[in-house]
Amino acid sequence: MEKGVNMRSMWPLLTGSLLCAASVFGAPPAKVALEGGRIIPVVGDDISKGTVLIEHGKITAVGKHVEVPYDAMVVDVSGKVIFPGMIDTHSARGMDIRNENLPVTPFLDVYDALDPSRLYFEDALRDGITSIHAIVANNCVIGSLSRVIHPIGLTPDEMTLQAPVALKLSVAPKRRSDRMVQMATLRETFLELADYLENLAETKYEESLEKEDKKIDVGPEEARKRGKPLIKFEDYDDAHRNLIKLTRGELGAFIYCGIAGDVGRAVKLAKDNGFFGRSTLVLGDACFKAVSEIKEAGRPVVLDPDLLYRERDPITGDIKETFIPKVFADAGVAFSLLPYPNNSLAERYLNYQAARCVRNGVDRKTALESITINPAKALGVGDRIGSIEVGKVANLVVFSGDPLDFESWVDMVYINGIRAYERKDDVRLKQLFGDEPAEVTEGEAPEDEKKKGAEADDKPADDADGKGEAPAETPSDKANETGTDG
Amino acid sequence: MIRLSRSLLILLSVASCASASAQKPDAIMAGRYVAPDGTIKTDTAIVLDRGKIHVTVARDVYTKTDNIVAYPNAVVCPGLIDVRSRIGAHDNLTETAHAIDPAASAIDSLDLTHRDFRAAVEAGITAVMLSPTENNLVSGVAATVKTARVSGDDPVLRGDGPLMFAVGSTVFSEDRAPTSRIGSAAMLREALDEAKAGRGHERMRLFSAGSLEGLVVCEDPMDVSAALRTLANGRPSIAIVHTSDAHDLAPELARGSRAVVVGPYAFGMSPRTLSTAGVYAAAGVPVVFAGGTPEASVGSLRTTAALAVRYGMDSAKARRAMTVLPATLAGVSERVGAIHPGLDADLVVFSDDPLRLDARVLDVYIKGVRVYHADVRADQTTGETP
Amino acid sequence: MNNPHNSHRLALRVAAIATLFVVAPQTSAETIVIKSAQVHTGTGAVVQDGMVVITDGSITAVGANLSVPAGATVIDVQGGSVTPGLIDANAAIEASDLMITPKRTASSVLHDVFCVKHSDKPIAGCCGSMCSRALQHVDGEDCRECGFPNTAPNLAVGVRRHGSLAEQSSEVIPHTRVIDSVNLRSPDFERLLSGGVTTVFVSADPAAVLTSQGAIVRTGGPMADRIVREADAVKAVMGSDPFLRGPRNTRPFRQYVDFHARRPTTRMGVTWVFRKALYDTQRHGQGLPVGGADTPSVPAMKTLSKMLTGEVPLRIQARMQRDILSALRLAKEFDLRFVLEEGTEAHRCTDELRAADVPVIYGPMYITPAGYRNSTELDGARLHTMRALVDAGIETALTANDLRDEDGLARQAMYALRHGVPLDAVMRSITQTPAKLLRVDDRVGTLEPGKQADVVVWSDGPFEATSKPLVVLINGRIVLDKRTG
């Protein structure tokens, strides 16, 4: 697809049109009622032929008999399925570069890297993903601040649902490093933080004395003790501010574990430094071997998108296959699934990932939770998104059939109560089905089309980006995304 | 030539009457010996006659006491035979001009005076089969020779077979056709079709008619299947050289091949690989061990056998796999390979069962003549009287 | 000394050492009954609450309301479905061939060539490995599945994607057989089996113009019964593959240019080689002299003459519209019947294909048209190709080709359903139609009395995302059983 010459030249244009979705629906109807569909709220029982009422971007009523206000826009979705918007719990694909070269970068924020024009966001809508946890990939020691975004909007600010969400850490080695160095660097970082705080306290005390023209009158121990209450949050420098928030439990932590042995190290690191209570474990595929340890920790987990683990027995040569989510489901650990970062495979659909779980013996409820409410809880926004409940943000997907049926298509996507995607208007999808658009020549182009084309021309970087994306969407993508390469 | 050697023999035997009995005994009293079925039997007199084994009888039946050697505790074993060896010729066995080269003969590259032969004798190996390097589909014929020369004995046991084939990747890694597995298989099929039609080299025709055996060197399990499919042709006239862990090949091999050569085994190989010999043998495939000298050490033949037994092979079969079966494979079983009347008295005296790695070689006889004798000090531990 | 003067002696010798082994054939006189909510017979028909009765490896009855014979083993999966064993008519199975000089090890060369030199950074998966985790292969880390790059044997079986099956000594090699490179012990077969595929046509590598004959093999059951047909159809290749594929004429191996610089370098060259080979064969058959640089070898011409008479079938791989049209043109020129492989742009020439009555083995499909396959010929791929072919009434089989992960062919069917092909057409395209195209439809492909019992029992409806094969039977023998966990 990425090789398609026609397609590539079309992309800026198409992307433009989708990006404009937000502005097209810039003044959305304040009230929308989705009527007649089967509602799968995930939390609670399914409702057949129910109605979801959206008012000012929030869900205000769900049920079989909902009184629809006279001024609401009624959308008939009978025969279809209303499902909570799915959540990509860990994605670096909306950014230009997945990881900083420096190992310890708690002062960074994905805000500065988000590129709203990425095709990824367009695909996310098409796939029914309404919320994305934008976070750096696993090739780091301490990554950056993350945020939960919607795949619509022209600026990172417009896209943001929640920020900051978490700080990324990895106990699996950064590329060209090893586990000992990795752990040493992590420990050193937190030791240095403690040092910094003590020194800051001492300085603060000295400063407070200087203001009163006094000489220092106590030993350093005492000075630090006295200086501590004098520190204000603004006094912390950029390099340490986020770490301090982390250790105080004001910030979540997404900790990547590459192998089973990393789990224990991650838990210890988090407990030692006071952020265990807000930690989420991002697990590499081999981590299921530490399932009892993970269960004991009781923290939310995010599974590797490669759900099937294959291992060759060194003696018999037989290949043993383990379906990872089944292991966690059997152990009673709530987990979140990730979409496979290769565009060409069915695994890119979160609902297909959930279907695979069902195929391999996970019950349906657990599978559906793992792509909606579990991610929302892991991200600390379980009260805002992840299910169809009154009061939640109106992020909804309308499927043409059951979400676990592969024949079902995403027909409509609502984000914040705004219709962000509709399949019948998906030009790119139509083109893939042989609906070749008529050649648009310069002279005949409709006014707005021309304008968009010009816009695209003004941004040659976009095109270059499109090309750059081609290899990134293919194999290496997976490695970077999930950090199996450490 | 035969007459000449006979007369030489007579001359020599006359001469030997004067020499010490230990050099050329009339009989060997074996406390234990390896019987042709591979088991260890006790208290036997191996009566020699003009360099050949005359008869084996119970020890007390043999009453003569002069010119005998007695090994009350040691194990007398037929000389070991290594069917995968390049001793004395390994630099000169690689010919890559044509992928199908039946005209080559390993015997033409042989240097019988090479010093490696001595090392082989000291390890108890009395015969080796030399084959051209297997980088051609058909690499020519192998030769089987004794590792020590005794006057009156022809060290060349056989110079014209078996015909060596290879179907693995070594064949198509040269810069010539074929360049792939499918290409080599097609080429081989074509050559065999030609031979069947009465064209091509005589050896190919003999092979095709079933009068010359083949020995096929295989790499992957699928090479084995390919060899059986292409070469066996419904009759078991080929032996397969193949060291891998494909246990499920056993029935195919039992049906389609006359022997399988495995080894050399080494410590550190996977248990699955090491248990293959046992699996094949249990399925009725005659297993032959290969030592791979001189690339591998001369001791590797016995290491291979010991490891195979450790990983499940029947010990009698393992002893046969170093003696009778390699002789059969090389087509020299009418002359060597067992302690059996009429065969050459090529014997090795081990301090214990040859499958035990701590068993030492005490004496080696070729054609009834002692060609190696271990250091006396070493024998103090066993109390043998050489 | 030992002169070969006496072949009689040799014969005696062989006779003396030959050992005969008699293996008793295993007979199973058991009856198996499979009950299911839906029995898809492969013809497009569905029997609700049906039953399949198998005796001695053959299907004896299919239908609803049948009586269960006494003593029969009953396989009853509640709510599941039953289909014939799936058939992939164009599978690219792991086949090993290592085209390197012996002094260098497999891992070092391949790793250097494909992972390091091709790019400034290691590209995962470019090592050419067939390992299922090939996409995650990275520099300096051992793959936990295939051991890459440290285990040569497993890597050796992995160079398929770079044209390892390619015999480089000629462009016309129809006398070679893929079966010689097929590793029946490959884990690929287990994977195919667990996806419900019971019979595959192992297709030749498209690195020569007239390339090898494929093989039809079973994916399970006793090793001795695996091969159904050793050599089947000759494969011709249109398009760029003959001049772009093959390990030795690609960049890292350019040093061998003297021996391997034999390829056509344009599409014109490809059709010329095809034409010349067939002309030469015709002339050779008439006893006329043949010659020139590209003259096929005698065994090649033997096979080609059989192909010209229709004794050996022809398959042509063509992806782009122009290549499909070239294939049709050449077939017309030599009055050949053929089956089209791949047919990526077949939706653009449905009229021509229907007019020439050419069946298509289409695939593999992805969610995006080209997927991640490494070819320049896939730009024109569209998601509706299969539907267009079915709608046009062209006989269409579906193939997963080199995709075997978890559920290869069933997943192709799933994609086809999603892209709008009706279920009965999808079902036929992976059972009845490929069986017919492979000319094994007298034995397999449908659930009908008298056919060999290749049956798949699914946990749910066939080709659903939530469904997987629970039991697979080949020849009436259970070769896969996942009913308990």
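**Exercise 1. Chains C and A in outline**

What percentage of the 485 residues of chain C count as buried? Work it out, then describe chain A in the same terms.

*Solution.*
Step 1. Keep in mind that you are looking at a predicted model.
Step 2. In chain C, 58% of the 485 residues count as buried.
Step 3. Chain C holds 14 helices and 18 strands.
Step 4. Now look at contacts in chain C between residues at least 6 apart in sequence: 66% of them join residues at least 24 apart.
Step 5. Turn to chain A, where 50% of the 486 residues count as buried. Its secondary structure comes to 17 helices and 20 strands. For chain A, 68% of the contacts between residues at least 6 apart in sequence join residues at least 24 apart.

**Exercise 2. The two domains of chain B**

Find the domains of chain B and describe the side of domain 1 that touches domain 2.

*Solution.*
Step 1. Domain 1 of chain B is made of two stretches, 2-77 and 338-379, while domain 2 covers 80-330.
Step 2. The C-alpha centres of these two domains of chain B are 29 Å apart.
Step 3. Domain 1 of chain B brings 25 residues to the contact, and domain 2 of chain B brings 26.
Step 4. On the domain 1 side, the elements that give two or more residues are α1 (2-16), β15 (347-350), β16 (361-366) and β17 (369-373) of chain B. The one that gives the most is α1(B), with 4 residues.
Step 5. Sorted by class, this side of domain 1 of chain B has 18 nonpolar, 4 polar and 3 charged residues.

**Exercise 3. A sheet of 7 strands**

Trace the open sheet of 7 strands in chain B and name its edge strands.

*Solution.*
Step 1. Follow the order β3-β2-β1-β4-β15-β16-β17 in chain B; the pairing is mixed.
Step 2. At the edges you find β3 (52-58) and β17 of chain B, each pairing on one side only.
Step 3. From one strand to the next, the twist averages 40°.
Step 4. Zoom in on one pair: β4 (residues 68-78) of chain B runs antiparallel to β15(B), with 4 bridges. Across this pair, Cys77(B) stands opposite Val348(B).
Step 5. Next, look at Val76(B). In the largest nonpolar core, of 361 residues, the members that touch the most others are Val76(B), Val216(B) and Leu340(C). Beyond its neighbours within four places in sequence, Val76(B) has contacts that include Ile28(B), Tyr71(B), Ile339(B) and Val349(B).

**Exercise 4. A sheet of 6 strands**

Do the same for the open sheet of 6 strands in chain B, and then study β12(B).

*Solution.*
Step 1. The order here is β7-β10-β11-β12-β13-β14 in chain B, again with mixed pairing.
Step 2. The edge strands are β7 and β14 (287-289) of chain B, which each pair on one side only. The twist averages 25° from one strand to the next.
Step 3. Begin at β7(B), which is joined to β10 (residues 163-166) of chain B by 3 bridges and runs antiparallel to that strand. Here Gly140(B) stands opposite Met164(B).
Step 4. Move on to β11 (residues 214-217) of chain B, which is parallel to β12(B) and joined to that strand by 4 bridges. Leu215(B) stands opposite Ala239(B).
Step 5. On to the next pair: β12(B) and β13 (residues 259-262) of chain B are parallel too, with 3 bridges. Ile240(B) stands opposite Val260(B).
Step 6. Recall a general rule: in a regular strand, side chains alternate between the two faces of the sheet. In β12 (residues 238-241) of chain B, Ile238(B) and Ile240(B) point one way, Ala239(B) and Val241(B) point the other way, and all are buried.

**Exercise 5. Two buried residues**

Why does Thr133(B) count as buried, and why does Tyr256(A)?

*Solution.*
Step 1. Locate Thr133(B) in the loop between β6 (125-130) and β7 (138-141) of chain B.
Step 2. Thr133(B) counts as buried because 20 C-beta neighbours lie inside 10 Å, and the cut-off is 20 or more.
Step 3. Leaving aside neighbours within four places in sequence, Thr133(B) is in contact with Leu93(B), Thr94(B) and Ser139(B). Asn92(B) is 41 residues from Thr133(B) in sequence, with 8.9 Å between their C-alpha atoms.
Step 4. Tyr256(A) sits in strand β12 (residues 252-257) of chain A. Tyr256(A) has 28 C-beta neighbours inside 10 Å, so this residue counts as buried.
Step 5. Tyr256(A) and Leu108(A) are 148 residues apart along the chain, and 18 Å separates their C-alpha atoms.

Note on methods
Residues numbered from 1 in each chain as written. Chains lettered and ligands numbered in written order. Predicted model: local features only at pLDDT ≥ 70, side-chain atom pairs only at ≥ 80, totals over all residues. Domains from an automatic or database assignment. Contact = placed C-beta atoms within 7 Å. Nonpolar A, V, L, I, M, F, W, Y, C, P; charged D, E, K, R; others polar. Buried ≥ 20, exposed ≤ 12 C-beta atoms within 10 Å, placed from the backbone. Pairing = 2+ DSSP bridges. Axes fitted to C-alpha atoms, helices over the stretch in contact; angles between N-to-C directions. Core = buried A, V, L, I, M, F, W, Y, C linked by C-beta atoms within 7 Å.
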